[in-house]
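Colleague: Hey, got a minute to walk me through this one? I'd like to start with the ligand.

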Amino acid sequence: MATVPVSRLEQLDREHLIHPITELRVHEVKGPRVIVGGKGIRLETADGGSVIDGFSGLFNINVGHGRTEIADAVAEQMRRMPYYPSFWDFSNEPAILLGERLARLFPADRGLDHFLFTTGGSDANETNFRIARLYHAVRGDHERKKVLSRRWSYHGITRAAGSATTLPAYHAFYEPEANFLPTSMPYCFRCEFKKTPPDCEFLCANDVEEVIKREGAETVAAVIAEPVQGTGGILIPPPEYFDHLREICDRHGVLLILDEVITGFGRTGRWFGMEHWGIHPDLVSFAKGISSGYLPLGGVAVRRGVYETIRDQSPKGLPFMGGLTYNNHPSSCAAALANLDIIEREGLVENSREVGAYLLESLRQALADHPLVAEIRGIGMLAALECTAPGTVDPIGGSPMVFTSAVSTRCWEKGLIARAMWENVALAPPLCTTRSDVDEIVGIVSEAMREVAEEFPTD
Ligand code: PLP
């Protein structure tokens with residue numbers, strides 16, 4: 001329960017808090033939904049209610065709520081040494097141990113064995129852009145500064161990461177930087193080329209090469225890609241897509257940055273999204289599931305060859321000039337270590353794979369023949385119902401997100417957080433979700449879909 005009366009909290013929230021992705025004038029009328037606790041997949045609201053967290057917060061609370069062992073590990077670290085910078089040669093035990101552990105967790109043949117921990121995903125991507133440019137510069141390729149990112153991508157909100165984000169909603173009054181260039185991606189349901197794999201010849205990957213050639217390979221530092229585009233709508237690439245992308249990068253000496261901020265740490269049913277497509281990235285960004293949100297943490301993984309190039313070819317006396325006050329934060333790294341212990345001990349990656357498959361199958365059984373559901377996609381604990389006006393790719397009701405927002409609201413009223421993402425109703429429950437939880441979740445979504453659909457007659 002909250003320590004202050006709920007009505008007072010709601011009033012103070014309206015008066016003092018700014019909420020991301022929220023229309024301020026609407027919020028002042030509607031007020032907040034105050035969350036005060038949680039256990040497993042369920043959240044406790046300030047008015048004493050309970051709701052299933054069908055989205056793991058923001059795709060990140062992988063181990064679920066109320067894991068006191070993480071709190072204990074953090075408290076112990078905070079009592080001993082809450083924070084000290086890792087600039088220069090200062091170091092700390094949790095960050096060292098976390099780096100060593102990740103080197104073992106990433107697939108052995110990828111050579112991903114050097115890490116810099118950040119505070120989240122945006123600054124992980126910022127750091128990787130900096131590393132990619134530095135890598136080229138120390139080899140004498142000073143002009144390689146451009147970064148390609150794919151349509152429907154979300155890479156964060158800070159200046160460079162926000163420029164790599166291509167979802168148009170993030171660019172109102174805020175133009176991307178000139179060095180960031182959009183390119184195609186495999187959103188097969190809405191294929192830009194009106195083709196279907198495997199007969200499409202991967203025109204979307206070829207478009208990446210077209211943009212590299214158009215700009216001049218000697219100006220391109222990196223391509224950044226999410227293994228599964230999360231915020232874009234759980235967009236899962238076909239087999240072989242990433243082989244093509246890797247070949248294109250290699251052909252033009254361009255680094256491949258894999259943004260595993262959502263897909264890392266079991267979300268897709270493997271430890272990392274790269275394992276599904278055999279991707280060999282040069283740089284990896286991660287965040288979210290590494291600490292399940294118990295404390296802020298992100299980071300970059302650097303392939304050994306890239307690390308060694310920067311180490312050996314940087315001008316003598318030039319330090320690595322990337323540095324956030326909270327890089328390699330000991331208390332956040334302690335939270336991550338305890339979080340990884342839970343994932344390993346409880347077999348949550350396997351659970352994500354098995355129960356995730358059951359979630360997808362259950363959604364298909366319940367809703368595949370729903371007239372407003374055009375496609376049901378999923379991998380691990382990620383699933384989306386693509387909802388369109390029958391036989392089209394257009395939004396139901398004629399305006400973007402009207403239908404999916406209404407379904408999300410109805411789910412909330414029935415005790416489930418499901419997110420409206422463009423024309424998708426999306427789910428990403430914690431990795432500890434059980435089959436009977438899935439039955440409950442799918443029951444609520446199906447009911448909400450049926451009820452809301454009645455308000456949107458199709459003929
Ligand atoms: N990259 C991806 C794929 C994301 O989904 C996100 C956040 O949702 C980010 C980067 C940015 O992470 P953060 O919000 O921690 O800065």
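Modeller: Sure. One term to begin with: a polar contact is a pair of N or O atoms within 3.5 Å. Keep in mind that this is a predicted model.

Colleague: OK, so how far is the side chain of K288 from an oxygen atom of the ligand?

Modeller: An N or O atom in the K288 side chain sits 2.9 Å from a ligand oxygen. D259 also has a polar side-chain atom, 2.7 Å from a nitrogen atom of the ligand. With G121 it's the backbone: an N or O atom there lies 2.8 Å from a ligand oxygen.

Colleague: And how much of the ligand does the protein bury?

Modeller: The protein buries 81% of the 390 Å² that the ligand exposes when taken alone.

Colleague: Which residues surround the ligand?

Modeller: Among them are G120, S122, N125, Y154, H155 and E226. The shell splits into three nonpolar, six polar and three charged residues.

Colleague: Which helix gives the most to that shell?

Modeller: Helix α6, residues 121-138, which contributes three residues.

Colleague: Switching topic: what about the sheet with β1 in it?

Modeller: That's an open sheet of three strands, ordered β1-β2-β3, and the pairing is antiparallel. β1 (35-39) and β3 (50-52) are the edge strands, each pairing on one side only. From one strand to the next, the twist averages 30°.

Colleague: How many bridges join β1 to β2?

Modeller: Four, with β2 covering residues 42-45. In that pair, I35 stands opposite T45 of β2.

Colleague: And what do strands pair through, in general?

Modeller: Backbone hydrogen bonds, whether the strands are parallel or antiparallel.

Conventions. Residues are numbered from 1 along each chain as its sequence is written. This is a predicted model: local features need pLDDT of at least 70, side-chain atom pairs count only at pLDDT 80 or more; totals for chains, interfaces and linings use all residues. Side-chain values use heavy atoms; hydrogens and water are left out. A residue is near a molecule or strand if one of its heavy atoms lies within 4 Å of it. A polar contact is a pair of N or O atoms within 3.5 Å; within protein, one must be able to donate a hydrogen and the other to accept it, and residues adjacent in sequence count only if both atoms are side-chain atoms. Accessible areas come from the Shrake-Rupley method with a 1.4 Å probe; for residues, only the protein chains shown count as cover. Helices (H or I, at least four residues) and strands (E, at least two) are DSSP runs, numbered from the N terminus. Ala, Val, Leu, Ile, Met, Phe, Trp, Tyr, Cys and Pro count as nonpolar, Asp, Glu, Lys and Arg as charged, and the others, Gly among them, as polar. Two strands pair if DSSP finds at least two bridges between them. Axes are lines fitted to C-alpha atoms, for helices over the stretch in contact, and angles run from 0 to 180 degrees between N-to-C directions.
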